[in-house]
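Please look through the sequence and the three-dimensional structure below, and keep both at hand while reading. The paragraphs that follow go from a small local feature to the chain as a whole.

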Amino acid sequence: MPENDQSQYECENCHHDVDVDAAFCPYCGGIYTDYLRCEKHGMTDADGVCVICGKAYCSRCGGWVNSTFRCNEHAQYEIISDMACVFAASDEMHADYLAQVLETEGLHPFLFQNKMRPNNLSFSAIASTINEEMHRYFETRIMVPFGEVIAAEQILKDIETSESGDILSEDNY
Ligand SMILES: [Zn+2]
Ligand SMILES: [Zn+2]
Ligand SMILES: [Zn+2]
């Protein structure tokens with residue numbers, strides 16, 4: 001058993017260990033102080049800190065979804081044990097390739113397999129563009145720690161743009 005570590009504190013909400021001087025919990029978004037104000041409504045007390053973008057928001061700009069606080073923009077993200085889905089594909093090879101790229105960029109992607117096998121469809125999407133209807137078709141998800149979501153999406157978008165750029169330039173020849 002570790003010594004009683006005075007620099008850690010157990011979050012009452014999600015039971016993760018958090019730094020004692022932390023103003024909020026990075027795992028669930030719960031706030032421990034009373035000075036955080038909403039990013040958009042500077043006069044309004046924040047209700048939580050979005051675990052994905054790390055910004056404090058009031059109850060109008062965000063809310064609790066499955067025991068993590070999310071801003072309205074990030075409310076739809078699929079979260080599995082402290083990681084958020086940034087990409088989903090029916091094609092495992094493609095997801096695997098993208099995860100490798102993210103790893104090369106210094107991120108910590110984790111491939112999550114959904115064992116419900118879809119039909120023979122092949123498509124993929126960045127998490128922010130996935131709607132509920134599409135969810136059942138995805139077999140493989142790329143999960144990253146909360147703090148890497150924004151960086152991961154930027155990299156994935158860049159790859160997508162350069163891939164479609166390649167097709168365009170071929171057409172021009
Ligand atoms: Zn917490
Ligand atoms: Zn957010
Ligand atoms: Zn607000």
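A good place to begin is the hairpin formed by E5 and E6, which has two residues between its strands and in whose turn Asn66 has a positive phi of about 45°. The names follow DSSP runs numbered from the N terminus, with helices (H or I) of at least four residues and strands (E) of at least two. Strand E5 (residues 62-65) and E6 run antiparallel and are joined by four bridges, where two strands are said to pair if DSSP finds at least two bridges between them. One such bridge links Val65 with its partner Thr68 in E6.

Before going further, the reader should know that this is a predicted model, in which local features need pLDDT of at least 70 and side-chain atom pairs count only at pLDDT 80 or more, while totals for chains, interfaces and linings use all residues. Residues are numbered from 1 along each chain as its sequence is written, and chains are lettered from A and ligands numbered from 1 in the order in which they are written.

The chain has three helices and eleven strands, and their order from the N terminus is β-β-β-β-β-β-β-β-α-β-β-α-β-α. Of its 173 residues, 29% are buried, a word used when 20 or more other C-beta atoms, placed from the backbone, lie within 10 Å of a residue's own, whereas 12 or fewer make it exposed and numbers in between partly exposed.

Thr140, whose place is in strand E11, shows how this works, because its 21 C-beta neighbours inside 10 Å make it count as buried. Leaving aside residues up to four places away in sequence, Thr140 touches Ala88, Ala89, Glu92, Ala95, Leu111 and Gln113, where contact requires C-beta atoms, placed from the backbone, within 7 Å.

The largest nonpolar core has 38 residues, and Tyr57, Ala84, Cys85, Val86, Phe87, Ile142 and Val144 have the most contacts inside it; such a core is a set of buried Ala, Val, Leu, Ile, Met, Phe, Trp, Tyr and Cys residues joined through C-beta atoms within 7 Å. The largest share of this core, seven residues, comes from E8.

How far can the model be trusted from place to place? The chain averages a pLDDT of 86, and 84% of the residues score at least 70, on a scale from 0 to 100 that gives the predictor's confidence in each residue. Over residues 169-173, however, the pLDDT is below 50. Where pLDDT is low, the predicted coordinates should not be read in detail.

Terms used:
Contact = placed C-beta atoms within 7 Å.
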